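I am opening a notebook on a structure that is new to me, and I will write down each thing as I look it up.

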Amino acid sequence: MTATQDGSGAAQQGSERAAAGADHGLAEFGYSQSLDRSIGKFASFAAGVSYISILTGTFQLFYFGLGFGGPAYWWSWPMVFVGQLMIALCFAELAGRYPVAGSVYNWSKRLAGPATSWLAGWMMFTASVVTLAAVALAYQLTLPQIWPGFQLVGDGTGASFGLSAVVWGVILILFTTLVNAFGVKLMTRINSTGVFIELIAAVLLVVLLGVNIVHPPSVLFDTHGLGATHPAGYLGAFLVGALASAYVMYGFDTASSLGEETVDPRRTAPLAILRAVIASFVIGGLILLFGILAAPNLDDPRLGTSAGGLQLIVLQALGGGVGTVFLVCAIVAVTVCALAVHTAAIRLMFAMARDNALPAGAVLARIDPKRKTPVVPAILIGVVAVLILVVNIGTPEIFTAVTSVAVIMIYLAYLLVTAPLLVRRLRGQWPDPGAAPGYFSLGRFGLPVNILATLWGAGMALNLAWPREAVYGAGVLRWIAFLFIGALSVIGLAWFLLRGRHQLGCLPEHMAKQLDADPTTPGERA
């Protein structure tokens with residue numbers, strides 16, 4: 001070989017190494033860079049914030065918390081925040097080491113056995129699809145209060161409420177499907193713009209509610225006498241009301257689930273996760289706090305119903321014109337929330353399909369060569385979410401119960417990450433001594449934080465699943481959490497153990513290109 005040829009070969013090999021390094025460590029996990037890496041710091045933060053969605057959660061669930069726990073239910077917000085922050089800290093540490101799509105699934109895969117990781121992914125995926133349908137229904141709670149003409153069917157009572165909700169839900173899911181199928185750049189532009197509007201609106205809402213306060217802070221200890229009618233006293237009523245907060249503050253892992261599309265994900269994703277949780281806690285907590293203090297009449301029974309809630313307080317306290325503007329912003333928040341939930345579900349399905357961990361894995365993991373996004377999962381998830389919505393037409397109580405169970409499944413999926421991580425810590429296997437330094441680490445606080453995260457996750461999952469007639473309905477529906485999750489787990493694991501585990505392995509088209517051995521490559525350090 002001539003000197004020129006040798007130089008050209010070295011240059012080519014160098015460019016290959018540069019390309020491998022440009023995937024931000026993805027090759028370390030055996031995957032090639034197939035998604036479009038274009039998400040920056042704010043877009044990553046926005047992904048986590050939009051899934052939590054401050055305005056969506058507070059407007060959609062305020063009536064539930066107030067109705068079951070009275071004004072004192074507000075204290076569940078900081079309680080849930082502390083518990084979820086412990087989980088977020090564990091996730092931030094994992095995001096810095098494993099910047100791959102389908103965060104919960106891939107994290108569990110590296111911490112536990114294949115059955116545990118598959119179950120975590122299966123739980124998170126199915127829950128995300130149901131959650132997409134549930135979020136889409138939030139349009140119906142707000143749009144008719146902006147303009148009566150948005151009540152598409154009937155007068156908004158009885159069956160007409162559900163029919164109108166389904167129509168609006170289908171429209172929203174069609175929108176999120178088209179956007180996600182078009183590509184991640186369009187999704188992040190819309191999502192980031194929506195989150196920017198949501199954050200500005202949320203801060204302004206806090207200020208305007210704050211200057212319209214009519215109650216002293218002592219009202220936050222008012223239980224509305226709800227403990228007298230509950231078998232466990234006010235503690236029992238408070239735990240039910242706390243579900244309104246628990247139903248909101250999750251989904252922050254979305255920032256890491258988009259890791260393969262994020263620039264410098266090992267530094268960006270951990271901070272995005274923590275900023276999303278903290279921002280949501282502060283702004284959301286202030287909205288709820290000042291909303292309660294600014295309510296003209298806290299004894300108004302409409303505040304504890306889906307037809308009233310926080311929307312009614314905003315309209316009463318701020319006036320029809322100003323209040324309507326904030327309700328429009330709430331619709332923007334619902335839109336980007338649904339978009340983020342849909343996006344996260346797609347990335348999870350893609351991650352599992354790429355490992356051939358789902359039926360028809362090659363089809364589901366196929367990346368559109370032009371748009372650099374998995375189109376089939378976007379369409380499939382949209383179709384299934386619409387089918388789930390149809391359940392709301394004839395049997396809304398079943399839909400309500402199943403969507404509540406979906407939140408439990410997400411908490412369980414989180415537990416299938418924090419619990420194996422805790423086991424690894426107790427065995428002295430985490431943090432991995434061979435891991436590259438310089439990324440987010442909990443250091444000596446890792447063990448106590450991990451213990452709290454695991455205990456909190458298990459305790460809240462149990463509280464969410466407790467067979468309460470007020471939450472799930474009478475008869476067999478009271479036990480739907482245990483029945484639905486049990487059946488879903490048995491069916492899923494049966495497929496995995498009988499067939500799925502025998503075909504596990506990265507699909508050839510998604511495997512990283514193997515360069516010649518080099519002891520200094522990141523793969524040796526991971």
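**Entry 1, a loop residue.** I began with Ala-360, which I found in the loop between H15 and H16. I noted that this model is a predicted one, so I read what follows as values computed from a prediction. Ala-360 has a positive phi of about 55° although it is not a glycine. I then asked whether Ala-360 is buried or exposed. With a relative accessible area of 51%, Ala-360 is exposed, since the cut-off for that word is over 50%.

**Entry 2, another residue of that loop.** I moved to Asn-356, which also lies in the loop between H15 and helix H16 (361-364). Asn-356 comes just after H15, and its phi is near 60°, a positive value in a residue other than glycine. I looked up its accessibility as well, and Asn-356 turned out to be buried, with a relative accessible area of 18%, where the limit for buried is under 20%.

**Entry 3, the helix before the loop.** I turned next to helix H15, which runs over residues 320-354. How far apart are its end C-alpha atoms? They are 51 Å apart, and at 1.5 Å a residue the 35 residues should span 51 Å, so the two values agree. I also checked burial along this helix: 28 of the 35 residues of H15 are buried, so H15 is largely enclosed by the rest of the structure.

**Entry 4, one residue within H15.** I picked Thr-324, which is found in helix H15 and, at 22% relative accessibility, counts as partly exposed. Leaving aside neighbours within four places in sequence, I found Thr-324 in contact with Ile-146, Leu-315 and Gly-319. I also looked up Gln-145, which is 179 residues from Thr-324 along the chain, and the C-alpha atoms of these two are separated by 8.0 Å.

**Entry 5, a glutamate in another loop.** I went on to Glu-261, in the loop between helix H12 (254-257) and helix H13 (265-294), and asked which residues it touches beyond its neighbours within four places in sequence. I found contacts with Leu-35, Asp-36, Arg-37, Ser-38 and Ile-39, and also with Val-184 and Arg-347. Glu-261 is buried, with a relative accessible area of 0%.

**Entry 6, a pair of helices.** I looked at helix H2 (residues 41-52) and helix H9 (residues 184-210), whose axes come within 9 Å and cross at roughly 65°. H2 and H9 are therefore roughly perpendicular to each other, and their crossing is left-handed. On the H2 side I listed Phe-42, Ala-43, Phe-45, Ala-46, Ala-47, Val-49 and Ser-50 as making the contact, and on the H9 side Thr-188, Asn-191, Ser-192, Val-195, Phe-196 and Leu-199. I sorted the residues of this contact by kind and got 9 nonpolar, 4 polar and no charged.

**Entry 7, a peptide bond.** I checked the bond from Trp-430 to Pro-431, which is cis, with omega near 0°. Pro-431 has its place in the loop between helix H18 (396-426) and helix H19 (446-465).

**Entry 8, the whole chain.** I closed with totals, and the secondary structure of the protein comes to 22 helices and 0 strands. Of its 526 residues, 56% count as buried. Among contacts between residues at least 6 apart in sequence, I noted that 83% join residues at least 24 apart.

Definitions and conventions
Residues are numbered from 1 along each chain as its sequence is written. This is a predicted model: local features need pLDDT of at least 70, side-chain atom pairs count only at pLDDT 80 or more; totals for chains, interfaces and linings use all residues. Side-chain values use heavy atoms; hydrogens and water are left out. Axes are lines fitted to C-alpha atoms, for helices over the stretch in contact, and angles run from 0 to 180 degrees between N-to-C directions. Helices (H or I, at least four residues) and strands (E, at least two) are DSSP runs, numbered from the N terminus. Angles under 35 degrees count as roughly parallel, over 145 as roughly antiparallel, 65 to 115 as roughly perpendicular and the rest as oblique. A crossing is left-handed if the near helix is turned anticlockwise from the far one by less than a right angle, and right-handed if clockwise. Contact means heavy atoms within 4.5 Å. Ala, Val, Leu, Ile, Met, Phe, Trp, Tyr, Cys and Pro count as nonpolar, Asp, Glu, Lys and Arg as charged, and the others, Gly among them, as polar. The expected span of a helix is 1.5 Å times one less than its number of residues. Buried means under 20% relative accessible area, exposed over 50%, partly exposed in between (1.4 Å probe, protein chains only).
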